[in-house]
Amino acid sequence: ITTNRHWGQDWSLCLKEAFLAAQQELLAFAAREGFNLEASGAAGSVLIFEGPSIHVAHIGDAGCLVASWNRHDSRVLYGTQDHKPDSPGERERLEAAGSEVRQVDVESFRIYIKGTNFPGLTMSRAFGDTACAGVLQEPHYHQMFVQPSDEFYAVIASDGIWEFIDYAKAVDLSAKKLRLKGPREAARYLVDCSRKRWAAYCGEYCDDITAMVVKWNVSVKGSDANTNHEFAVTNPES
């Protein structure tokens, strides 16, 4: 991203080209190392803060949440939407490319090579996942604006965090913790809450539940609008 010729000028194009370039690097790496990417994929989410603008690009289901941590107005400001095979426009593109989208459960759709039971992909956009035509690496891009005085934060997390916690609930769980304890404790609390929900619904099995929390407008002496932030990454082992 930082070496793209559109860095700082055209963020939409910069992020699009960076995502596509990452896929090509992944394919080259897999070819050198002998890895099969037909049914192996990954989501990707990027947030860039260029005050007063926030730029978000994502593919797949690693959700990105931007919210207010103001004690009188804690709320969701923006949240990415997963790229599911049955989402508007996604199914049409996949089927036009020759892939088959099937409903396998009440709220679950998967992508197959037409006429086969392989591979059963869950995301219509992802890195890797090369078996089915129409699976893209072009990200959805969103730009939003904030004021210098806004008290806001972001949570970027793997899909396991969001399996049983929606964006509104994440704000309920994290905003007060963020105000009182900072991003490290807020991230840890989100991960702990997610792990307990996985244990309640799925027993010993737990998907990846890694979370990153960035808090802006932190009162730090000598900081300015571009540096007054705190950042933490937490997973179950940290």
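This passage describes two open sheets in a predicted model.

One open sheet is built from three strands. Their order is 6-7-8, and the pairing is antiparallel. The edges are taken by strand 6 (99-105) and strand 8 (119-121). Each of these has a single partner strand, so one side of each is left without a neighbour in the sheet. Neighbouring strands of this sheet are turned against each other by 35° on average, direction ignored.

Within this sheet, strand 7 covers residues 108-113. Two bridges join strand 7 to strand 8, and the two strands run antiparallel. One residue pair can be named at this junction. Tyr-112 has Pro-119, in strand 8, as its bridge partner.

Another open sheet also contains three strands, in the order 2-3-10. Its pairing is antiparallel. Here strand 2 (44-50) and strand 10 (140-145) stand at the edges. Strand 2 and strand 10 each pair with a single strand, so each keeps one side without a neighbour in the sheet. From one strand to the next, the twist averages 15°.

Strand 3 spans residues 53-59. Six bridges link strand 3 to strand 10, in the antiparallel sense. Ile-54 illustrates the pairing: its bridge partner in strand 10 is Met-144.

Methods: Residues are numbered from 1 along each chain as its sequence is written. This is a predicted model: local features need pLDDT of at least 70, side-chain atom pairs count only at pLDDT 80 or more; totals for chains, interfaces and linings use all residues. Side-chain values use heavy atoms; hydrogens and water are left out. Two strands pair if DSSP finds at least two bridges between them. Helices (H or I, at least four residues) and strands (E, at least two) are DSSP runs, numbered from the N terminus. Axes are lines fitted to C-alpha atoms, for helices over the stretch in contact, and angles run from 0 to 180 degrees between N-to-C directions.
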